[in-house]
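Here is my note for you, written as a set of numbered points. Keep the picture open beside the text and look up each residue as you reach its name.

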Amino acid sequence: QLSKWSTGGRPILLLLLVVTATASRQAKNPFLADENEARLTHFSSSQRSAALNKTREMFYFGYDNYMEWAWPADELDPIHCTGRGHDHARPDNININDVLGDYSLTLVDTLDTLVVMGDERSFKQAVRLVIDTVTFDKNTTVQVFEATIRVMGSLLSAHLIASDESRLLGDFFIPDYDGELLDMARDLAVRLMPAFEGTRTGLPYPRVNLQRGVLPGTINETCTAGAGSLLLEFGLLSRLTGDPSYASLARRINRILWKMRNAQTGLLGNVVDIQSGAWLGHLSGLGAGLDSFYEYMLKAFIMFGEKEDLEMFNESYANIQNHLRRGRVACTGTARGEHPIYVNVDARDGSTANTWIDALQAAFPAVQTLAGDVEEAICHHMLYYGIWKKYGVLPERFNWITKSPDVAFYPLRPELAESTYHLYRATKNPFYLHVGAEILESIDHVTRVQCGFATVHDVNTRELEDRMESFFLSETIKYLYLLFDDANPVNVHAERLIFSTEGHLFPVAKRPPRREASRQESATYRRFWNWQDASDAQDPEGTVSMREGATALLRRLAQQAITVGEEEGGGGGVLSPYRRKTSNESCESPIGRYELPVEREAMTGVFESIGVDEAYWWM
């Protein structure tokens, strides 16, 4: 036996030694982080300060150039340093005209970003400029959804901030402000109202002329998100004006769409005929056409406390998990199996409809985080982070089979930054600060031009086109700044606030103010922002108190809804996703340090599946 091992068996012995040595190198001490893990799970105060200053510089580079070269036009063309407005020469240019209404869009949309920046002087100047120069009496045809979320939402947010004598977010109270922004928001809403008339289903036309109403030849189809994502803005307008018609209208539309979901899958399509009610598009996903419809179910519940909205979200989320989710069952804690992905399916049977996912879906991890399903949010976010890492920006559509863009432009969208911000606030894991810094640096490196930041026409070649959409300053920069600024009043008072789908700051409040003929509303508005002052009385409508934090409230009422369902019908109907056991409920690290949000092997698997060059994995 000795001669066997010492002669002919020598290769076997060498092989065993090699295997043992390799295994020992791969075995990871759970108490030690390797160099990359140590770097990605720590973010120093100097790094945070540098990122915050960089974000601030980028905001003012974009904002100041807009004000110098583009205002009062809607948008800045940052390459040629000029302004862009409604394309009156080509009425069918909906890529421009749906959004740009000749109402200084970027200035209006950016009002509460100035608040996030703590810039009291510029905010007050901008409010006065909007009041003095912006009008909606324009012969422009705009999309109802875009005008609502970008313009009306910003006016309502800025109105509340300018009226807030308690100065919750800073010294932004304007003593001589007389509710003009609220009047403008209502004027815009009135001009949008013709879109809600004259359809057999009750669903609105997608576009309306601000002077002449719905024009002959207006298309009779709308996307689900476009019609069903109005409730936050319309509901807030109702509460501020005392006119319930706006909230009732938005809620009625949501109920109509909800009744149209498929009987077999519970899913909705993405395009519907507003006259016949027939689905023209059966694609069901989490991106364009549907994204904010699900988002507003959850946020409307948090904001207004109607259990109907929570029940709709719970059922929708369960159907999403059942029909759209692919990949391994366990999200974290393992690298075995394919990384989870939410695909586009046919709403009629849940079969896979195509092999691309789009950039708007990158916001859904923020919704999952708000809903308390943090582990799913972590995995969902990781996929989009991998795509960003591959290109340095996010293509509009990415094909997960060919590992390449189906639509290659990047218009400075905020969705990945939004999810990164919410995941950091939920977990406090420094990894997300690194992700935010990477997003910030690549936007600056790839898109900065002479007078601002430009749309990426092709993520492969990084060719640029001359457009800086308003949401870059309204959302992308806002979320990145808040990510790095823990002490920002918006973060300090996070449980009193919720972000609209355009990133505007809305209050989570129980008892809203009503318009007074005298307009002496300061005490009422103070109560509106400071919900602790307003939560003592019982709500006559039976809605819930908003005194507790939004997440705690959501979990409590979700549990109540399940308990009631079990009592009434056995089984409680749809199982709420918030009951799911997670490993990060306390968001604390018992060993005094953070770890990567998913296992390193799982993260490597994501990068490999997307086709990220190995040289960039841990940069």
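The points below go through two helices, some charged pairs and a few annotated sites.

1. Before anything else, please remember that this is a predicted model. The contacts and distances mentioned here are computed from that model.

2. Let us start with helix 8, which covers residues 120-133 and so has 14 residues. From its first C-alpha to its last, helix 8 reaches 20 Å, close to the 20 Å expected at 1.5 Å a residue. Which of its residues are buried? They are Ser122, Phe123, Ala126, Val127, Val130 and Ile131. These buried residues sit on the same side of helix 8, because they cover an arc of only 170 degrees around the axis. Some background helps here: an α-helix has 3.6 residues a turn, so residues three or four places apart point the same way.

3. Now turn helix 8 around. On the other side, Arg121 and Asp132 are exposed. What covers the buried residues of helix 8? The cover includes helix 4 (45-70), helix 6 (105-109), helix 7, helix 9 (144-162) and helix 10.

4. Helix 10, one of those covering elements, deserves its own look. Helix 10 runs over residues 180-192, a total of 13 residues. Its end-to-end reach, from first C-alpha to last, is 19 Å, close to the 18 Å expected at 1.5 Å a residue. Buried residues in helix 10 are Leu181, Leu182, Met184, Ala185, Leu188, Ala189, Arg191 and Leu192. Do notice that an arginine, Arg191, is in that buried list.

5. Next come the charged pairs. Side chains of opposite charge can pair when their charged atoms come close. How many salt bridges does the count come to? The count is 27 salt bridges. One of them joins the side chains of aspartate 112 and lysine 478, at 2.7 Å from N to O. This pair links distant parts of the chain, with aspartate 112 in helix 7 (residues 111-116) and lysine 478 in helix 20 (residues 471-484), 366 residues apart. Are these two buried or exposed? Aspartate 112 is buried, with a relative accessible area of 0%, and lysine 478 is buried at 0% relative accessibility.

6. Compare that with a pair inside a single helix. Lysine 299 forms a salt bridge with glutamate 295, and their closest N and O atoms are 2.7 Å apart. Both residues are in helix 14 (residues 291-304); because they are 4 residues apart, about one helical turn separates them. Lysine 299 counts as buried at 5% relative accessibility, and glutamate 295 is buried too, with a relative accessible area of 7%.

7. A further salt bridge brings together the side chains of arginine 348 and aspartate 346, at 2.8 Å from N to O. Here the two partners fall into separate classes: arginine 348 is partly exposed at 42% relative accessibility, whereas aspartate 346 is buried at 16%. Salt bridges can also join up into a network, as they do for Glu75, Asp77, Arg84, Glu146, Arg150, Arg467 and Glu469.

8. Keep Glu146 from that network in mind. In an unreviewed entry, UniProt places the feature "active site" at Glu146, Asp291, Glu396 and Glu415. Glutamate 146 is in helix 9 and is buried, with a relative accessible area of 16%. Leaving out residues up to four places away in sequence, glutamate 146 touches Asp98, Val99 and Val151.

9. Glutamate 396, also in that UniProt list, lies in the loop between helix 17 (374-391) and strand 13 (397-399). Glutamate 396 counts as buried at 12% relative accessibility. Apart from neighbours within four places in sequence, glutamate 396 is in contact with Ile357, Asp358, Ala359, Val407, Phe409, Pro411 and Arg413.

10. Finally, the unreviewed UniProt entry lists Thr501 for "binding site". Where does threonine 501 lie? Threonine 501 is in the loop between strand 19 (497-499) and strand 20 (505-507), and it is buried at 15% relative accessibility. Beyond neighbours within four places in sequence, threonine 501 is in contact with Phe145, Ile149, Ser292, Glu295, Tyr296 and Glu475. With one of these, glutamate 295, threonine 501 shares a side-chain polar contact of 2.8 Å. You have met glutamate 295 already, as the salt-bridge partner of lysine 299.

Key
Residues numbered from 1 in each chain as written. Predicted model: local features only at pLDDT ≥ 70, side-chain atom pairs only at ≥ 80, totals over all residues. Heavy atoms only, no water. Helix = DSSP H or I, 4+ residues; strand = E, 2+ residues; numbered from the N terminus. Expected span 1.5 Å × (residues − 1). Buried < 20%, exposed > 50% of the residue type's maximum accessible area, 1.4 Å probe, protein only. Salt bridge = Lys/Arg side-chain N within 4 Å of Asp/Glu carboxyl O. Arc of directions from axis to C-beta. Contact = heavy atoms within 4.5 Å. UniProt positions renumbered as here; feature names shortened; annotations may be inferred. Polar contact = N/O pair within 3.5 Å; in protein donor to acceptor, adjacent residues only side chain to side chain.
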